[in-house]
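Visitor: I would be grateful for a close look at a single part of this structure. Please take one strand and describe its surroundings in a connected account.

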Amino acid sequence: QVQLVESGGGSVQAGGSLRLACAAFGYTTSCMGWFRQAPGKEREGVASIDSDGRRMYTDSVKGRFTISQDNAKNTMYLEMNSLKPEDTAMYYCAASSIDYGGVPLRAEQYNYWGQGTQVTVSS
């Protein structure tokens with residue numbers, strides 16, 4: 001069984017930064033990603049990374065967010081800079097046991113999920 005635990009969420013002003021972490025416990029997965037969901041909105045992919053270090057970002061966060069992974073700690077990070085109110089959402093860590101031959105960034109491509117951590121950006 002794979003267990004994912006997110007941390008690092010909080011409240012910041014626009015332009016600030018936060019660093020989210022996702023600790024993975026259990027079996028090895030092929031790739032991991034970050035998703036977010038705001039009230040009344042659908043869950044969207046934010047960033048993903050695979051075992052080869054390939055990365056994928058949604059257009060709205062390119063240049064501002066950075067996804068990385070510490071293999072020794074089995075932890076994935078999402079460094080978020082220049083935060084905007086539009087980034088406010090519950091952020092979820094996800095993992096997939098399936099090798100797609102690429103870097104997936106759609107919710108249906110992931111089969112393990114964390115509980116989420118809230119990120120609130122005020123203007």
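Guide: The account below follows strand S8 and then turns to the salt bridges and the nonpolar core. The model is a predicted one.

Strand S8 covers residues 75-80, and Thr75 belongs to it. Thr75 is buried, because its relative accessible area is 9%, under the 20% limit used for that term. A polar atom of the Thr75 side chain lies 3.0 Å from the backbone oxygen of Lys73. Leaving aside residues up to four places away in sequence, Thr75 touches Ala21, Cys22, Ala23, Ser68, Gln69 and Asp70.

The sheet gives these contacts a setting. Strand S8 is one of four strands in an open sheet, ordered S1-S3-S8-S7 and paired in antiparallel fashion. Strand S1 (3-7) and strand S7 (65-70) are the edge strands, each pairing on one side only. From one strand to the next, the twist averages 15 degrees. At the S1 end of the order, five bridges join S1 to strand S3 (residues 18-25), and these two strands run antiparallel. In this region Ser7 stands opposite Ala21 of S3; Ala21 is also among the residues that Thr75 touches.

Strand S8 takes part in a charged pair as well. Side chains of opposite charge can pair when their charged atoms come close. Glu79 forms a salt bridge with Arg19, with 3.8 Å between the closest N and O atoms. This pair links distant parts of the chain, since Arg19 is in strand S3 and Glu79 in strand S8, 60 residues apart. Both partners are partly exposed: Arg19 has a relative accessible area of 48%, and Glu79 has one of 29%.

The whole structure contains seven salt bridges. Another of them brings together the side chains of Asp87 and Arg36, at 2.9 Å from N to O. Asp87 lies in the loop between S8 and strand S9 (89-96), while Arg36 is in strand S4 (residues 31-37), so this pair ties together parts that are 51 residues apart in sequence. Here the partners are buried: Asp87 has a relative accessibility of 2%, and that of Arg36 is 5%. Elsewhere, Glu108 and Arg106 form a salt bridge whose closest N and O atoms are 3.5 Å apart. Glu108 is exposed, with a relative accessible area of 62%, whereas Arg106 counts as partly exposed at 49%. Salt bridges with shared partners also join Arg36, Glu44, Arg64 and Asp87 into one network.

The nonpolar residues complete the picture. In soluble globular proteins, nonpolar side chains tend to be buried together. The largest nonpolar core in this model has 26 residues, and Trp34, Leu78, Met80 and Tyr91 have the most contacts inside it. Strand S8 is one of the contributors that each supply at least two residues of this core; the others are S3, S4, strand S5 (44-50), S7, S9 and strand S11 (117-122). Not counting residues up to four places away in sequence, Met80 touches Gly16, Ser17, Leu18, Leu20, Arg64, Phe65, Tyr91 and Val119. Two of these contacts lead back to groups already described: Tyr91 is one of the core residues with the most contacts, and Arg64 belongs to the salt-bridge network.

Key:
Residues numbered from 1 in each chain as written. Predicted model: local features only at pLDDT ≥ 70, side-chain atom pairs only at ≥ 80, totals over all residues. Heavy atoms only, no water. Buried < 20%, exposed > 50% of the residue type's maximum accessible area, 1.4 Å probe, protein only. Polar contact = N/O pair within 3.5 Å; in protein donor to acceptor, adjacent residues only side chain to side chain. Contact = heavy atoms within 4.5 Å. Pairing = 2+ DSSP bridges. Axes fitted to C-alpha atoms, helices over the stretch in contact; angles between N-to-C directions. Salt bridge = Lys/Arg side-chain N within 4 Å of Asp/Glu carboxyl O. Core = buried A, V, L, I, M, F, W, Y, C linked by side-chain atoms within 4.5 Å.
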